[in-house]
Amino acid sequence: MSDDITADAGEQTDNAADDAFVPPASQEEFDRIVQARLDRERKKYGDYDDLKARAAKLAEIESANQTEAEKVQARLDAAEKRASELEAKALRSEVANAKGVPAALLTGSTQEELEAAADALIAFRGEQKPAGPSSSSLNRVNSNTVKGSTGDQFADFFTSKLSS
């Protein structure tokens, strides 16, 4: 086994007594050993560019050999997927408009699931009555109609507050 290790390091072993590792004596010798090892590794992958070019050419040939029926089937699958997405979006919008909730908050894929989600949203927010204009300073709902300009309304209000 040590013969393999030292042979990989670039040394030759003829004697069984020389099994011990001998470090390189100089930087030049070390550089030579490292360079020999790098050259062996590069030789392993020397045909990488050729194999890569062949793989690209094979992929091109396979796509060219794809039948017209396969191409039509791929387009048909894409069209069916888009149609189902648009149908789901239309159903979601229809339920949202009917129930009066935002379509983005609805979850589900069938009409029953979407209606159940809309009912849950309505129950969560509670029935909301249309709010009329209110005056927080008077603590009541403004139900009477006011006549005159804004300046006249302010003057009337100010006068009524001063007189009370």
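I will talk about how helices H4 and H5 pack in this chain, which is a predicted model.

To set the scene, the chain contains six helices and two strands, and from the N terminus onward these elements follow one another as α-α-α-α-α-β-β-α. Buried residues account for 7% of the 164 residues in the chain, and, of the contacts between residues at least 6 apart in sequence, 8% join residues at least 24 apart. The accessible surface is about 13900 Å², with 55% of that belonging to carbon and sulfur atoms.

Turning to H4, which covers residues 68-99, the 32 residues at 1.5 Å each should span 46 Å, and because the end C-alpha atoms lie 47 Å apart, the expected and computed spans agree. Just after this helix, Gly 100 adopts a positive phi of about 75°.

Now to the packing itself. Two packed helices are described by the angle between their axes and by the distance between those axes. For H4 and H5, the latter being residues 111-125, the angle is about 35° and the axes are 10 Å apart, and the crossing is right-handed. On the H4 side the contact involves Leu 91, Arg 92, Glu 94, Val 95 and Lys 99, and these meet Gln 111, Leu 114, Glu 115, Ala 118, Asp 119 and Ile 122 of H5. By character, the residues of this contact comprise five nonpolar, one polar and five charged.

Which residues of H4 are buried? They are Leu 91, Val 95 and Ala 96, and what covers them includes H5. Of these, Leu 91 and Val 95 also appear in the contact with H5.

Key:
Residues numbered from 1 in each chain as written. Predicted model: local features only at pLDDT ≥ 70, side-chain atom pairs only at ≥ 80, totals over all residues. Heavy atoms only, no water. Axes fitted to C-alpha atoms, helices over the stretch in contact; angles between N-to-C directions. Helix = DSSP H or I, 4+ residues; strand = E, 2+ residues; numbered from the N terminus. Left-handed = near helix turned anticlockwise from the far one by under 90°. Contact = heavy atoms within 4.5 Å. Nonpolar A, V, L, I, M, F, W, Y, C, P; charged D, E, K, R; others polar. Buried < 20%, exposed > 50% of the residue type's maximum accessible area, 1.4 Å probe, protein only. Areas by Shrake-Rupley, 256 points an atom, 1.4 Å probe, with all protein chains shown as cover. Expected span 1.5 Å × (residues − 1).
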